[in-house]
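Work through the exercises below with the model open. Each task is followed by a stepwise solution.

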Amino acid sequence: MTRSARGDSAAFTHLVKAHSAALYGYFARRMPTAAEDLLSETWLQAFAARRTFDPARGSARGWLFGVAHNVLAQYLRRTGRQEPTTGPEVVDPWQVVDQRLDAAAMAPALRRALAELPPDERELLLLISWEQLTPAEAAAVVGIPAGTARSRLHRARGRLRDRLAVPRQTGPTGRNLTATGDLA
């Protein structure tokens, strides 16, 4: 922020890249229908006021959230609202980040568990999970009846669940990691 205030435009670009997701999440949780507009306005106001940033008073992140708070307050006054609204369309980009971190932490154990499956069960599971085939389509690919494919898939999922549940792993977000989706 200090370099940006001195005219270094690349420094401000770095701030935008580093803090946009967090600021968008702030707006999306409070005013989902206007989050993108509010984020844009925040960056316009932050750029215009960048010379007022004082590192002795706090971090650039805190200063940017202060600007965001003021932009939200201005929007609420302008629209005649007292409180921010929330709705079902709230999008929190940090949930995706948390899920990716958890998946990355679980990947080595999942690879080991997949390698321990019998090859026919592993292939069925991967055709259904990764290639998004139905059990009947996967059965046709490997040349077995659909009922056989469903029973092998059931066994494969059970074995994976057993192998992945024994050592309860904790991901970077502090939550216990468990298999979900097609693996559950």
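**Exercise 1: L23 and its surroundings**

L23 sits in helix α2; helices are DSSP runs of H or I with at least four residues, numbered from the N terminus. The model is predicted: local features need pLDDT of at least 70, side-chain atom pairs need pLDDT 80 or more, and totals for chains, interfaces and linings use all residues. Residues are numbered from 1 along each chain as its sequence is written, and side-chain values use heavy atoms, without hydrogens and water.

Task: Decide whether L23 is buried or exposed, and list its contacts beyond four places in sequence.

Solution.
- Step 1. The cut-offs are under 20% relative accessible area for buried, over 50% for exposed, and partly exposed in between (1.4 Å probe, protein chains only).
- Step 2. L23 has a relative accessible area of 0%, so L23 is buried.
- Step 3. Contact means heavy atoms within 4.5 Å. Outside its neighbours within four places, L23 touches L39, T42, W43, L64, F65 and A68.

**Exercise 2: The rings around Y26**

Task: Classify the ring pairs Y26–F27 and Y26–F65.

Solution.
- Step 1. Rings of Phe, Tyr and Trp (its six-membered ring) pair if their centres lie within 6.5 Å; planes under 30 degrees apart are stacked, over 60 edge-to-face, the rest tilted. The count is 3 aromatic pairs.
- Step 2. Y26 and F27 have ring centres 5.3 Å apart and planes at 70°, so they are edge-to-face. Both residues are buried.
- Step 3. Y26 and F65 have centres 5.6 Å apart and planes at 90°, so this pair is edge-to-face. Y26 in helix α2 (residues 9–30) and F65 in helix α4 (residues 60–79) are 39 residues apart.
- Step 4. Y26, F27 and F65 form one aromatic cluster.

Notes
Helix = DSSP H or I, 4+ residues; strand = E, 2+ residues; numbered from the N terminus.
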